[in-house]
Amino acid sequence: MVAMVAKDEMEWSRRLFGDCELGDARRTDRLVSVAALMSRQMGKSLAKSCEGDSAALLGSYRLLRNDGVSPDAIREGAFAKVAQQAHERALLLAVEDSTSVRYTHAAAAGLGTTGSQKEAKRKGFLVHSVLLLDAGSEDTVGLIEQRDWCREPDSYGKKHARKQRAYEDKESYKWEQASARAAERLGATMARTISVCDRESDVYEYLEYKLRNTQRFVIRAQVDRRVLHSAENLFGTLARDAVEISGYTVSVSQRGGRKARQAKVHLRSLQMELQAPAGGKAGRPTLTVNAILVEEVDAPAHVEPLRWVFLTTEPAAGADEARQVVRYYELRWRIEYYHKAWKSGVGVERQRFQSAENLERMLVITEFLAVRLLQLREVLHTGGEDKQVSCDTILSEDEWKVLWVSTKRGVPPERAPSIRWACLAAAKLGGFTDTKRTGRPGWDTM
């Protein structure tokens, strides 16, 4: 299935931002115009996006400098539209993770620390994002939650005292907050939504919250938790008692210094009751979850074997069920691609404003531009595999004909060529040479 993306930028912007309540209909109209302009000039600054139209530039700056325009109001209006789209889907994945957005220009002085160095020159926002995917088609539906905050300089060096702080005062509380906000927007659709998170989310309070509210999840385990009625903790109990249910081969992608390879893995699963951490509040309930162990066998020499442990509410007793859970987790990488699209493709860290408040308004607009870029890339990649999918599903007739003349330098055909052709033709104009023989252009080229 190929996700449909509105061809016209103004149409896309109006659908997403047209109902944002900014206190004045003229502000909403300007927001729609600003987002459409920036979508047409993806990755460029606001000034470049409005180049040649001084009235549009002046109006855009007035909007982004207006203290009456709330970043949260922009977000909520767009989230409501995404929630409407989500209602039509049979099963959703809410993939989520955190990142940082950093700056060095004048506005950085009003932002927070994002790394391990208190006096680092680059300061910015910490951001937690929740992206909805269609579990069946694996298409990106849209952003349903994003929150940014600035870490106070006084908090630097206090990590060792985290056990003395209340759960609600810790940054790890962001996982529960994100689920609560997503559930409020999605309503009954939350029952058809599975949260998919990496190891950082393996927080007992968060797991307890999800189960108490009958919310579904797939979480990669990090903590070797105590198990009720077992002499071993989580990892040891799995290794000893879990039943092997399947063996299959997975593709391990190239990353950093790691080479791409095919890995043979075995799946084992077990239902268990996890006990609350020792030393915590008395009387806390045990948590009943399905645990899945994914373990590579016969790994090449000098290669660290794959080993994943998942905690989930989803059925995992059968081979097909367990493999489906693993597939859900593999799709968690979409949130990493989203953050890369936001930074490399849309260029959120290249934007320049003189105050943190104005910068945050631009940050909110660009977070939705990144979703559009991600969806477009999905259409080009997945649709491009199918020779029958025509590029007129994403390009107007004028656009694909100009692209043809620009690359083929001949008379355009009567029928629109494939999306695959359009993807590579546009990428070549952007400098794509396919030296790695992947056939897939990167974010900067796109």
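These questions and answers walk through a predicted model, from its sheet to its helices, cores and loops.

Student: What is the strand order of the open sheet of nine strands?

Tutor: The sheet is open and its pairing is mixed. From one strand to the next, the twist averages 25 degrees. The order is S3-S2-S1-S4-S5-S9-S8-S7-S6.

Student: Which strands are the edge strands?

Tutor: Look for strands that pair on one side only. One covers residues 140-149 and the other 243-252. The edge strands are S3 and S6.

Student: How many bridges join S1 to S4, and do they run parallel or antiparallel?

Tutor: Val95 stands opposite Val196 in S4. That is one place to look along this pair. S1 and S4 are joined by four bridges, and they run parallel.

Student: Which residue of S4 stands opposite Arg216 in S5?

Tutor: S4 and S5 pair as well, in the parallel sense. Four bridges hold this pairing. Opposite Arg216 stands Ile194.

Student: Is S4 enclosed or open to the outside, and how many of its residues are buried?

Tutor: Thr193, Ser195 and Cys197 point one way from S4. Ile194 and Val196 point the other way, and all are buried. So S4 is largely enclosed by the rest of the structure, and its buried residues number five of the five.

Student: Which residue of S9 stands opposite Val218?

Tutor: Start with the strand pair S5 and S9, where S5 spans residues 216-220. They pair in the antiparallel sense over three bridges. The residue opposite Val218 is Thr312.

Student: What angle does the direction of helix H5 make with that of S3?

Tutor: Helix H5, residues 71-86, packs on the sheet. H5 touches S1, S2 and S3. Its direction and that of S3 make about 150 degrees.

Student: What angle does the direction of helix H9 make with that of S6?

Tutor: Helix H9, residues 319-330, also packs on the sheet. H9 touches S1, S4, S5, S6, S7, S8 and S9. The angle with S6 is about 35 degrees.

Student: At what angle do the axes of H1 and H5 cross?

Tutor: The two axes come within 7 Å. The crossing makes H1 roughly perpendicular to H5. Arg15, Leu16 and Phe17 of H1 make the contact with Ile74, Gly77, Ala78, Lys81 and Val82 of H5. The axes cross at roughly 100 degrees.

Student: Within what arc do the buried residues of H8 fall?

Tutor: The buried residues of H8 are Leu234, Thr237 and Leu238. They line one face of the helix, because they fall within a limited arc seen down its axis. They pack against S7, S8 and S9. The arc is 100 degrees.

Student: Which helix gives the most to the largest nonpolar core?

Tutor: Nonpolar side chains tend to be buried together in soluble globular proteins. The largest nonpolar core here has 86 residues. Phe17, Leu93, Tyr103, Leu131 and Tyr338 touch the most other members. With twelve residues, the helix that gives the most is H11.

Student: How many residues are in the second, separate core?

Tutor: Its members include Val203, Leu207, Ala276 and Ala291. The count for this second core is 24 residues.

Student: Is Cys50 buried or exposed?

Tutor: Cys50 sits in the loop between H3 and H4. Leaving aside neighbours within four places in sequence, Cys50 is in contact with Leu37, Ala56, Leu57 and Ser60. Its relative accessible area is 3%, and buried means under 20%, so Cys50 is buried.

Student: What separates the C-alpha atoms of Cys50 and Met38?

Tutor: Along the chain, Cys50 and Met38 are twelve residues apart. In space, their C-alpha atoms are separated by 8.2 Å.

Student: What is the phi of Glu138?

Tutor: Most residues other than glycine have a negative phi. Glu138 is not a glycine, yet its phi is positive. Glu138 lies in the loop between S2 and S3, and is partly exposed at 24% relative accessible area. Its phi is about 70 degrees.

Student: Is His302 buried or exposed?

Tutor: His302 lies in the loop between S8 and S9. His302 too is not a glycine, and has a positive phi of about 65 degrees. Its relative accessibility is 86%, and exposed means over 50%, so His302 is exposed.

Key
Residues are numbered from 1 along each chain as its sequence is written. This is a predicted model: local features need pLDDT of at least 70, side-chain atom pairs count only at pLDDT 80 or more; totals for chains, interfaces and linings use all residues. Side-chain values use heavy atoms; hydrogens and water are left out. Buried means under 20% relative accessible area, exposed over 50%, partly exposed in between (1.4 Å probe, protein chains only). Helices (H or I, at least four residues) and strands (E, at least two) are DSSP runs, numbered from the N terminus. The arc is that of the directions from the helix axis to the C-beta atoms. Contact means heavy atoms within 4.5 Å. A nonpolar core is a set of buried Ala, Val, Leu, Ile, Met, Phe, Trp, Tyr and Cys residues joined through side-chain atoms within 4.5 Å. Two strands pair if DSSP finds at least two bridges between them. Axes are lines fitted to C-alpha atoms, for helices over the stretch in contact, and angles run from 0 to 180 degrees between N-to-C directions. Angles under 35 degrees count as roughly parallel, over 145 as roughly antiparallel, 65 to 115 as roughly perpendicular and the rest as oblique.
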